[in-house]
Amino acid sequence: MPNAHVIGLGRSGMAAARLLKQEGWTVTVSDSKTSESLQQQQQALTGQGITVKLGYSLTLGDGDLLELIVVSPGVTWDIPILIEARNRGIDTIGEMELAWRYLKSSPWVGITGTNGKTTTTALIAAIFQAAGFHAPACGNIGYAACELALAQSLETRHGPVETRHGASLLPQSKIDWVIAEISSYQIESSRELAPRIGVWTTFTPDHLNRHKTLENYYNIKAELLSRSHDQVFNGDDPYLRQLGTTHWSKAYWTSVKGRDATPRPWVYIENGWVMVESEPIVPVDSLRMVGSHNQQNLLMAVAAARLAGIEKQAIVEAITNFPGVPHRLEHIITWQGIDFINDSKATNYDAAQVGLAAVDSPAILIAGGEAKAGDDTQWLNTILSKAAAVLLIGEAAPAFAQRLQELGYYRYEIVETMARAVPRAAELAQQDHAPVVLLSPACASFDQYQSFEHRGDDFRQLCLQNFSP
């Protein structure tokens with residue numbers, strides 16, 4: 001049997017390993033870390049005939065006969081071992097590319113961008129599903145892409161399969177559409193992934209500690225769109241708008257600013273309606289999510305749906321019933337007139353600025369975590385205009401406090417942990433008559449949490465424990 005090595009024992013790494021084992025490969029998985037949770041995953045895979053090495057980094061000896069290396073998204077693409085593998089001619093790809101090889105008979109919608117990916121992906125999946133398509137969301141939302149490929153492979157051979165949730169993952173034998181949220185990490189490790197419809201939501205500096213330059217970051221994103229048959233762009237994004245039809249002459253543009261925006265939009269807002277060319281599709285206020293950025297996400301979702309031939313009725317049904325996205329301006333509870341909102345997915349300055357700008361003011365803001373490189377100017381300006389107080393948590397707290405001081409803003413407290421932040425935020429909201437407590441960290445979560453989801457779940461649990469009736 002051919003030999004494959006999967007680097008990274010996360011959700012996507014486990015799915016890739018199981019898929020390869022199902023398809024007849026001899027599979028080894030390695031992870032440079034070790035922990036109790038990783039050991040549990042190790043036991044599960046070992047029981048399925050997959051070798052797992054924890055606290056181990058792959059080396060390529062002369063006796064190694066690897067045909068394939070699959071990289072999880074969190075593994076940097078230009079580390080020496082991967083460069084060496086590619087120089088040796090070993091097929092080296094990411095988990096998303098592996099899934100593409102097994103799912104490319106189905107058309108894909110690929111959504112990328114700095115911010116807005118998750119909401120746009122969820123909206124698109126909801127619309128396609130309302131239209132009767134079997135269209136699961138995957139990638140950075142929903143399932144790992146290889147989980148879909150594995151489930152389809154198993155179901156083709158054995159009939160419906162049971163997932164860890166105890167329900168049939170794929171009730172039909174064939175996926176009609178794959179709706180994939182695709183990060184820059186996943187694009188750079190994909191050579192052939194080519195969506196039927198590519199969507200680019202926004203573009204601002206992010207992940208520069210990995211991609212080094214803004215130009216490199218842009219080129220990675222652009223690679224996915226250039227391979228897409230149809231391209232949808234957010235015409236309200238300043239960077240993308242500046243490139244316009246000069247760079248993307250055949251793209252479909254969207255704008256909340258009306259039909260006369262530049263580049264001339266195909267989908268736009270007019271008199272409170274989402275319009276496609278001159279046809280009214282759905283009232284904008286049918287979407288219950290706040291913020292103009294969510295109107296932009298709505299337009300891109302409608303554009304993707306129309307390019308797929310989906311009729312107005314399904315779009316209206318999906319948008320009207322769309323509940324929102326966990327961890328993205330997610331309303332948790334209202335207590336004594338104060339809304340507690342979870343925006344844990346705001347892991348950079350731009351996303352956090354958008355979140356704070358979207359809520360009612362004055363707000364009590366909880367921010368901090370593992371800081372990222374980027375321009376914090378707009379975020380800080382929004383704090384000055386909208387935040388009654390800021391509670392700082394995590395590693396970034398001292399640096400954020402210094403930045404606020406430099407601007408003459410002293411209504412901050414370093415509280416360090418979420419457990420201290422939530423009750424203190426409630427006290428301040430009562431004192432300042434603030435209608436909102438907002439968790440919008442502007443940081444990654446890995447200093448205190450396993451993921452932004454873990455962080456948002458902690459916030460939710462603390463809110464419900466402290467303020468439920």
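**Close-up 1. Pro 362 sits in the loop between helix 13 and strand 17.** In this predicted model, helix 13 covers residues 349-358, and Pro 362 turns up in the loop between that helix and strand 17. Take a look at the peptide bond that joins Ser 361 and Pro 362: it is cis, with omega at about 0 degrees.

**Close-up 2. Here's another cis peptide bond, from Thr 262 to Pro 263.** Omega for this bond is near -10 degrees. To find Pro 263, go to the loop between strand 11 (252-255) and strand 12 (267-270).

**Close-up 3. Six strands line up in an open sheet.** Read across the sheet and the order goes 15-16-20-17-18-19, with mixed pairing. Which strands stand at the edges? They are strand 15 (330-335) and strand 19 (412-416). Each of these has a single partner strand, so one side of each is left without a neighbour in the sheet. From one strand to the next, the twist averages 20 degrees. As a quick reminder, strands of a sheet pair through backbone hydrogen bonds, and they can do this either parallel or antiparallel.

**Close-up 4. Strand 17 and strand 20 run in the parallel sense.** Zoom in on residues 363-368 of strand 17 and residues 436-439 of strand 20, which pair over 4 bridges. A handy place to start is Leu 365, which stands opposite Leu 438 in strand 20.

**Close-up 5. Helix 17 lies across four strands of the sheet.** The helix is made up of residues 452-467, and the strands it lies across are strand 15, strand 16 (338-342), strand 17 and strand 20. Compare its direction with strand 15 and you get an angle of about 15 degrees.

**Close-up 6. Asn 271 has a positive phi although it is not a glycine.** Its phi is about 55 degrees. You'll find Asn 271 in the loop between strand 12 and strand 13 (273-276). Is Asn 271 buried or exposed? With a relative accessible area of 74%, Asn 271 is exposed.

**Close-up 7. Gln 336 also has a positive phi without being a glycine.** For Gln 336, phi is about 50 degrees. The spot to look at is the loop between strand 15 and strand 16, where Gln 336 lies. At 58% relative accessibility, Gln 336 counts as exposed, because exposed means over 50%.

Methods
Residues numbered from 1 in each chain as written. Predicted model: local features only at pLDDT ≥ 70, side-chain atom pairs only at ≥ 80, totals over all residues. Heavy atoms only, no water. Pairing = 2+ DSSP bridges. Helix = DSSP H or I, 4+ residues; strand = E, 2+ residues; numbered from the N terminus. Axes fitted to C-alpha atoms, helices over the stretch in contact; angles between N-to-C directions. Contact = heavy atoms within 4.5 Å. Buried < 20%, exposed > 50% of the residue type's maximum accessible area, 1.4 Å probe, protein only.
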